[in-house]
Amino acid sequence: MTHFPVQKIRDDFPILAELIRKKPLVYLDNAASSQKPKAVIDSISHLYTHDYANVHRGVHLLSVRATDKFEGAREKIKDFINADTSKEIVFVRGTTEAINLVAQTYGKANIKAGDEVLITAMEHHSNIVPWQILCEQTGAVLKVAPIDLKGELIYEEFEKLLNDKTKLVSVAHMSNALGTVNPVKRIIAAAHAKDIPVLLDGAQAIPHMKVDVQELDCDFYVFSGHKLYGPSGIGVLYGKQALLEAMPPYQGGGEMIRKVTFAETEYNTLPFKFEAGTPSIADAVGLGAAIDYLNEIGMDRIAAYEAELLAYATEKARQIEGLRIIGEAEHKGAILSFVLDKIHPHDIGTMLDSLGIAVRAGHHCAMPVMDFFEVPATARASFAMYNTKAEIDVLMNGIKSLIEVFG
Amino acid sequence: MFDDLRDLYQEVIFDHNRNPRNFRVIEDADRKVEGFNPLCGDRLTLYLKMDGDVIADASFQGSGCAISTASVSLMTEIIKGKTEAEAEALFKTFHEMTTGKDEQVNLEAVGKLAVLAGVREYPARVKCATLAWHTLDAALKNEAESVSTE
């Protein structure tokens, strides 16, 4: 195993020292939300203690300091995903809001009755419902590219669905329910060959791998701060500048304007055009701190370590009789979704919780995926850079014991 | 290993989960209602055969977690032979037992159902236990063909 300073990282996350039901916490619900390092918690506390005021408004010193920190976070995000300019980094509440924003601005301006939006069968509800709403509003049609029993996109079928009516492709970079990492470069190249823009839902991918939006050449990339070890309530919409320039604004209000009279309003420049109202200042700063923290470790090292964790967990899980892994794509992120013979995922979740192990049990906001695999729900262990093989052993022993109890 | 869960997962619950009672279709049922918990995917169909206002027979089909399966299995046993009014009264007591803050619930009145009292300590699991009873309530009131916990 490559050397990865997991113990040092664990020490940076105060919550990992908590006892849950009198047992050491084994936190394996990272795909839902990850825990926060002290650096992030402290950055928020420091801002409110020393540097807080509203941003972009005042001439007073605190407003200047808060603005510097807030815009500094934007710069960090720009560098982290290698965007061309920070004008392309729009702060939103999270992935869900980012997709809704694109649907209601880019979508409403460019997608008309009879046009098609193409997604895949493995999407999270947040990459399904905003398009259904848009389709209802415009008369456009939502097309869904199928997946196979390994949980992989059937690429040939996807390609067949690209046609003159397709006006946008919106796909998960990595699936939250299955762990599948989609062949996004191929998807983007095929879509661009037909002049179709592509949105990547990066909510799951971004904590697990290096993301370079220019190398990917995606038109939009969206993600949430809270899965990236940052605060909840902050997320990012990346969009190519030319696209964002041409898009109408999302919400109206302060900040997003340059000049207002009762006759007309001139909108602000990018990215402020899409940031009506006072933003989540401290959360943006916290996300910047999370990115600093991750850069120190290195996303490539994190990806390599997590790949080892997933391989270890998969191997151990396969040895358990009656356990079926849901999602066995060749390219997978650190997610192990599974079901047990005759034991409902909610019982698994409660049983493991009593051992201090946090997993998710349910449909993972991906009901169509559950329908496809003909299961009502799954249990999902999702790993982060602070998890260890010893924790995976605790999980697997817990699963074996609960199978015995249910007998 | 699971000592802390003994109040929630009592042996009776495991027994009913492994061998659910009245797990069948009543072909000539007078009432048939589907219950659904969209949060966890639990789904059951409840069948009632009435004799006047007495529940002559009760059965169910479906799939769910151990708590919901045991709850509906126990329910079909206990409501057989009861009048509609008696069953409704039992629903109210059961609801208080699983959700109420009042400690004074008369566990004797619910008989075997008392094994489900433990769910009140697990807010995320209360709906697993009450799905069967909400479905029964809808069946008795003859008001819907399906009910959802949400």
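**A sheet, two domains and a shared core**

In chain B of this predicted model, four strands form an open sheet, arranged in the order β3-β2-β1-β4 with mixed pairing. The edges of the sheet are β3 (54-63) and β4 (146-148) of chain B, each of which pairs on one side only. On average, neighbouring strands of this sheet are turned by 20 degrees against each other, direction ignored. Within the sheet, β1 (residues 31-37) and β2 (residues 42-51) of chain B are antiparallel and share seven bridges. A handy place to see this pairing is B:Glu34, whose bridge partner in β2(B) is B:Thr45. Helix α2 (residues 66-79) of chain B packs on the sheet, where the helix touches β2 and β3 of chain B. The direction of α2(B) makes about 165 degrees with that of β3(B). As a general point, strands of a sheet pair through backbone hydrogen bonds, in either a parallel or an antiparallel way.

Turning to chain A, the domain assignment gives domain 1 (6-30 + 298-406) and domain 2 (41-296). The centres of these two domains of chain A, taken over C-alpha atoms, are 28 Å apart. Where the domains meet, 21 residues from domain 1 of chain A and 22 residues from domain 2 of chain A take part in the contact. On the domain 1 side, α11 (299-318), β14 (335-340) and α13 (367-372) of chain A each supply at least two residues. The largest share of that side comes from α11(A), with four residues. Sorted by class, the side of domain 1 that touches domain 2 in chain A holds 12 nonpolar, five polar and four charged residues.

Strand β14(A) deserves a closer look. Six of its six residues are buried. A:Ile335, A:Ser337 and A:Val339 point one way from β14(A), while A:Leu336, A:Phe338 and A:Leu340 point the other way. This fits a general pattern: in a regular strand the side chains alternate between the two faces of the sheet. β14(A) also has strand partners. Strand β13 (residues 323-325) of chain A runs antiparallel to β14(A) and is joined to it by three bridges; here A:Ile325 stands opposite A:Phe338. Strand β17 (residues 378-382) of chain A is likewise antiparallel to β14(A), with four bridges between them. In that pair, A:Ile335 stands opposite A:Ser382 in β17(A).

Chain A also meets chain B: 15 residues of chain A are in contact with 16 residues of chain B. On the chain A side, α12 (345-353) and α14 (389-406) are the elements that give two or more residues. Helix α12(A) gives the most, with four residues. The chain A side of this contact divides into six nonpolar, seven polar and two charged residues.

Finally, the largest nonpolar core contains 160 residues. Its largest share, nine residues, comes from helix α10 (residues 281-297) of chain A. The core draws at least three residues from each of domain 1 and domain 2 of chain A. The residues with the most contacts inside the core are A:Tyr221 and A:Val236. Leaving out residues up to four places away in sequence, A:Tyr221 touches A:Ile81, A:Leu200, A:Gly202, A:Val211, A:Val213 and A:Tyr238.

Definitions and conventions: Residues numbered from 1 in each chain as written. Chains lettered and ligands numbered in written order. Predicted model: local features only at pLDDT ≥ 70, side-chain atom pairs only at ≥ 80, totals over all residues. Domains from an automatic or database assignment. Contact = placed C-beta atoms within 7 Å. Nonpolar A, V, L, I, M, F, W, Y, C, P; charged D, E, K, R; others polar. Buried ≥ 20, exposed ≤ 12 C-beta atoms within 10 Å, placed from the backbone. Pairing = 2+ DSSP bridges. Axes fitted to C-alpha atoms, helices over the stretch in contact; angles between N-to-C directions. Core = buried A, V, L, I, M, F, W, Y, C linked by C-beta atoms within 7 Å.
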